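Here are my notes on this model, set out point by point. Please read them with the structure open.

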Amino acid sequence: MNNYDDDALDRALFALPLEEPPAGLRAAILTSTIYAPAPAFAPWEVAGLGAILALMVWLAINVFSDGGHLFQQSVQTIGFSLGHTLSDFSILWWVALGGATAIWMQFFTGTSSFAPVSRKAQSRPNR
């Protein structure tokens, strides 16, 4: 059983002189807790970027250690294939037609994401 009277102890504690907190303490606490900036990358993004970087380093080591000639030949073959493909008139015609269609759909139909803000911010009548 607790038969102690704590009133006198409470009065003594509350009578102690307290020091003033440092200037800006509250702002510093809020800045480091509530108003702290969000991290630049999520943990899964950091892991993904690390995996991509590790793969690039591994590939660079393999290419420069013993596959330099083969890598150079592969790049030349890819470049030749792309050059041959993009020099065909019908391919260029279809690429231009697709680009024109995309521009038409973007700017001249009602589905543009660049719609005027004034139309979105019109006031609605009270209900």
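1. Start with the nonpolar surface patch. Ile78, Leu82, Leu86, Ile91, Leu92 and Val95 form it, and together they have about 550 Å² of accessible area. Keep in mind that the model is predicted.

2. Which helices supply the nonpolar patch? α4 (68–86) and α5 (89–107) each give at least two of its residues.

3. Take Val95 as one member of that patch. Val95 sits in helix α5. Its relative accessible area is 56%. Val95 therefore counts as exposed, because the cut-off for that class is over 50%.

4. There is also a charged patch. Asp5, Asp6, Asp7 and Asp10 make up a negative patch on the surface.

5. Is Asp6 of that patch exposed, partly exposed or buried? Asp6 belongs to the segment before α1 (7–14). With a relative accessible area of 38%, Asp6 is partly exposed, because that class lies between the 20% and 50% limits.

6. Now the overall fold. The protein has six helices and zero strands. Read from the N terminus, the order of elements is α-α-α-α-α-α.

7. How much of the protein is buried? Of its 127 residues, 3% are buried. Buried here means under 20% relative accessible area.

8. Last, the surface as a whole. The accessible surface of the protein is about 12,300 Å². Carbon and sulfur atoms account for 69% of that surface.

Notes:
Residues numbered from 1 in each chain as written. Predicted model: local features only at pLDDT ≥ 70, side-chain atom pairs only at ≥ 80, totals over all residues. Heavy atoms only, no water. Helix = DSSP H or I, 4+ residues; strand = E, 2+ residues; numbered from the N terminus. Buried < 20%, exposed > 50% of the residue type's maximum accessible area, 1.4 Å probe, protein only. Areas by Shrake-Rupley, 256 points an atom, 1.4 Å probe, with all protein chains shown as cover. Patch = residues over 30% accessible without salt bridge, like charges linked within 9 Å, V, L, I, M, F, W, Y side chains within 5 Å. Salt bridge = Lys/Arg side-chain N within 4 Å of Asp/Glu carboxyl O. Lys, Arg positive; Asp, Glu negative; His and termini not counted. Charge placed at Lys NZ, Arg CZ, Asp CG, Glu CD.
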